[in-house]
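Hi,

Here is the structure I promised to pass on. Have a look at it first, and then read on for what turned up.

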Amino acid sequence: DPTPTATPGMRVEGGFIRDALNREVILRGLNFSGDHKVPPYFDFHTQPDVTRMRDDWGFNSMRFVLEWVALEPQRGAYDRDYLAAVRQRLDWAHAAGLHVVLDMHQDVYGPGFLGGNGAPLWTCDASRYAAFVPAAQWFLSYLDPNVTACFDDLWNTIALQDAFAAAWAVVAAEFADHPAVLGFDVLNEPYLGSASLDGFERDLLQPFYERVVPAVRAHAPHWLAFLEPSSMRNLGWPTTLSPFPFGDVVYAPHSYDNEAEQGMGFDPARRQAILDNMAALATEARALDAALWIGEYGGQTSHAGIVEYMTAELDAADAQLAGTSYWHYGRDEGYGVLHEDGTEKADVLGVLSRPYPQRIAGTPTVWSFDSVGGVFELRFTAAGTAAPTVVSAPERHYPGGPRVECVGCTAVVEGNQVLVTATSQGAPVTVRLLRR
Ligand code: 9MR
């Protein structure tokens, strides 16, 4: 199997996720969100919707939104039906050959705050929910003093952190042996509450991660830890996280353009800022001895500049040899890749579904994709000649399969994948995919 999806043997080393054959693993995929945030905590997806991610679009992974409130609606009472429904979707992912990163999601703390999701009601004082006044734009609700107070409680109450870790441990015990699960994204967009910009990550978030990750790994020792910086990173503040006392860490920031997030569309003049920020994120990942994976990037698909915006994001991720997960696999007129009627948003999917190396058997130096000419090029130094390098070559860019030029290698096209074998160990390899 050229693209094994079973997780045993996956680890992080030298800035990359690596498989059991020591190949770099590059994740490209979509977020499963939308109605994952609200009861009954799943969206429209059926098994064929999962299968098409690989077959139609060439993705190899998904970030799967979990809700603490769904898992533990009452303190200490875990919802087994919820876990069973999650398992069914993990089974679909595995059958489709997709890796899954489980994400304990939250926006604006929890559903106690209108428009929020994540933490169960019992985790904060009811008076906080009652006094909350929602802001005009959902993310501005973070500034409400009651939301801040609940986050402050979380960051300063060890018993609450232990409850959060215990909930994660239930997930880990349940799915430790599930072959689709690659790892866990401890908490979506951690918000600093009233802590200082400088001190939050160092004094509160870092110890929180160092408490939760071992609790999860007590049950699922091989799960990679996908760790996000403070949500202030989205606004451009560099992270102050420092190397962790455990390994197998993937740095998991998000990449958004702030003006686009505020609903103003994307000004193509901001392309360079996306590239520069991605380079800074890669530097931060290296300092943490972590791989880099952008757990969210995405935009309102009907707003101006969406094609330029998403092209900039993927060009930037390619330049840093990073993984990505688009926000989101929804059926809506917002960020979703499908319209409300279920048809594809062809312009957006035309950008997202593009060639990338899924596995690299060697040391990658560079890859890039010219979406206008349809030319993909990957260069690497071959580690050996046994396991193939695998390149995703989506049908929409290469109808009938790509034409392949190989220097220092041989290539076989199998469906929408190209399997590349180096002719000699240590040799420089160049693979080029071209339209027929
Ligand atoms: O796209 C999502 C939007 O429809 C919701 O109203 C909002 C609040 O739940 O969340 C948006 O998704 C955000 C995600 O949860 C966190 N990172 C930024 C995403 C896009 O704004």
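One thing to keep in mind as you go: this is a predicted model.

Let's begin with the ligand. The shell around the ligand breaks down by class into five charged, four nonpolar and three polar residues. If you want to pick them out on screen, the residues around the ligand are Lys-37, His-105, Asp-107, Asn-117, Trp-138, Asn-188, Glu-189, Tyr-256, Glu-261, Glu-296, Trp-327 and Tyr-335.

Some of these have side chains with polar contacts worth zooming in on. Glu-296 has a polar side-chain atom 2.5 Å from a nitrogen atom of the ligand. For Glu-189, an N or O atom of the side chain is 2.7 Å from a nitrogen atom of the ligand. Trp-327 deals with an oxygen atom of the ligand instead, with a polar side-chain atom 3.1 Å away. As for cover, the ligand taken alone exposes 460 Å², and the protein buries 79% of that.

Now for the pockets. Which pocket holds the ligand? The ligand sits in the largest pocket, which has a volume of about 990 Å³. Its lining runs to 35 residues, and Asp-107, Trp-138, Phe-139, Glu-189 and Glu-261 lie nearest the centre. By class, that lining of the largest pocket has 17 polar, 12 nonpolar and six charged residues.

The second largest pocket holds about 260 Å³ of space. Around the second largest pocket there are 18 lining residues, with Gly-15, Phe-16, Leu-292, Gln-320 and Leu-321 nearest its centre. Strand E2 (16–18), helix H9 (271–287) and strand E10 (291–297) are the elements that each give two or more residues to this lining. Sorted by class, the lining of the second largest pocket comes to 13 nonpolar, four polar and one charged.

Last, the enclosed spaces. How many cavities of 30 Å³ or more are there? The count is four. The largest cavity has a volume of about 90 Å³, and its lining is made up of Trp-68, Met-104, His-105, Gln-106, Tyr-109, Gly-118, Ala-119, Phe-151, Leu-154, Phe-164 and Leu-187. Two elements, strand E6 (99–105) and helix H5 (145–156), give two or more residues each to the lining of the largest cavity. That lining divides into eight nonpolar and three polar residues, with no charged ones. Look out for His-105 while you are there: this residue lines the largest cavity and is also one of the residues around the ligand.

Cheers

Notes. Residues numbered from 1 in each chain as written. Predicted model: local features only at pLDDT ≥ 70, side-chain atom pairs only at ≥ 80, totals over all residues. Heavy atoms only, no water. Near = heavy atom within 4 Å. Polar contact = N/O pair within 3.5 Å; in protein donor to acceptor, adjacent residues only side chain to side chain. Areas by Shrake-Rupley, 256 points an atom, 1.4 Å probe, with all protein chains shown as cover. 1 Å grid on protein atoms, 1.4 Å probe; cavity = no way out; pocket = protein on both sides within 12 Å on 5 of 7 lines; lining within 4 Å. Sits in = over half its atoms within 2 Å of the grid points. Nonpolar A, V, L, I, M, F, W, Y, C, P; charged D, E, K, R; others polar. Points joined across faces, edges and corners; volume = space filled by probe spheres on them. Helix = DSSP H or I, 4+ residues; strand = E, 2+ residues; numbered from the N terminus.
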